[in-house]
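Got the model open in your viewer? Let's take a short walk through it, one selection at a time.

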Amino acid sequence: MRFVDMGEGICKDSLGRRYDSATFSNSTAAATQSHAYENATQSPASCEEACVEVNPPMSNIVLVGIAYGVFFGNNACKCFFTEGYLNRGCLDGAKCIFSMVGSGPVNQTGDGTGKTCYKNPDFTQIADDYSSVPQETLGVVAELMGNLTAVRGDVLLLEEKNHDIVATNAGLMGNLTAMSANLAALEGTNANLLAKNNELWERLEKCLTESPKSPKQADSDEELVVEFPKLKKVNKNLNPPGGSEKKGLRHGL
């Protein structure tokens with residue numbers, strides 16, 4: 001429901017005055033042809049719907065609230081209107097009271113148990129007594145009020161979208177901060193790796209420059225000369241040690 005629960009009893013204005021009303025009960029609702037009117041006595045929400053349907057374009061400048069509950073032994077729905085509006089005539093299928101002088105928005109409740117007052121939160125009063133306001137004027141004002149309500153709805157929608165955008169930006173900023181922290185950590189790791197790499201290169205160069213030289217290698221960067229031992233020339237005509245006997249064995253004798 002859009003209407004606001006004001007508590008038990010009949011709706012009243014700031015001076016404690018009751019409003020003119022149109023009542024739909026179990027006995028009267030069946031006589032109407034409107035689906036909303038027929039269901040007016042089923043629940044507070046259906047009562048609200050029926051009362052708004054009395055004059056949808058003007059509901060927020062004439063309908064101050066509703067009361068739902070038991071009236072004189074019957075389940076009923078009461079539509080409360082600001083002073084002067086119902087002087088134009090009662091509603092089809094409803095029982096109307098024109099003698100009340102309540103005016104302006106609902107301010108309090110009272111006079112009864114078993115029933116609850118619901119305030120129209122969007123009601124806007126344009127005159128103390130609507131009986132002197134031409135119907136055409138009410139129509140124009142209602143149209144302007146409807147346009148204003150639509151604009152307010154658009155503003156609320158834009159505010160919600162802006163809130164979503166702000167939340168999204170905050171999330172993106174959080175992600176960016178996390179990414180920056182990760183990047184800083186990676187840069188630190190990379191710096192450590194570069195330092196270790198440089199250290200290893202320095203150690204390798206030191207090993208290469210301080211490695212021992214071979215015996216034949218000069219102190220300077222001269223060509224390495226390898227000397228091989230001289231071989232003795234052997235006379236093949238000489239008998240091997242042992243004389244001719246050895247010789248005979250050599251030649252197969």
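Start by selecting Leu 208, which sits in helix H5, residues 135–210 (helices, H or I, of at least four residues and strands, E, of at least two are DSSP runs, numbered from the N terminus). This is a predicted model, where local features need pLDDT of at least 70, side-chain atom pairs count only at pLDDT 80 or more, and totals for chains, interfaces and linings use all residues. Residues are numbered from 1 along each chain as its sequence is written, and side-chain values use heavy atoms, leaving out hydrogens and water.

Leu 208 counts as exposed because its relative accessibility is 60% (exposed is over 50% relative accessible area, buried under 20%, partly exposed in between, with a 1.4 Å probe and protein chains only). Now add Trp 201 and Leu 204: with Leu 208 they form a nonpolar patch on the surface, with about 340 Å² of accessible area together. Patch members have over 30% relative accessible area and no salt bridge; nonpolar side chains (Val, Leu, Ile, Met, Phe, Trp, Tyr) are joined within 5 Å, like charges within 9 Å. A salt bridge here is a side-chain nitrogen of Lys or Arg within 4 Å of a carboxyl oxygen of Asp or Glu. Areas come from the Shrake-Rupley method with a 1.4 Å probe; for residues, only the protein chains shown count as cover.

Next, head inside. Select Phe 81, Tyr 85 and Tyr 130, which touch the most other members of the 40-residue largest nonpolar core (buried Ala, Val, Leu, Ile, Met, Phe, Trp, Tyr and Cys joined through side-chain atoms within 4.5 Å). Elements that each supply at least two residues of this core include strand S3 (20–25), helix H3 (44–53), strand S5 (74–81) and H5. Strand S4 gives the most, with six residues.

Stay on Tyr 85 and show what surrounds it. Beyond its neighbours within four places in sequence, Tyr 85 is in contact (heavy atoms within 4.5 Å) with Asn 55, Met 58, Val 62, Tyr 130 and Leu 138.

Last residue stop: Asp 13, in the loop between S2 and S3. Is Asp 13 buried or exposed? At 0% relative accessibility, Asp 13 counts as buried. Setting aside neighbours within four places, Asp 13 is in contact with Tyr 19, Val 101, Gly 102, Ser 103, Pro 105, Asn 107 and Gln 108.

Finally, zoom out. Count six helices and eight strands, with buried residues making up 30% of the 253 in the protein.
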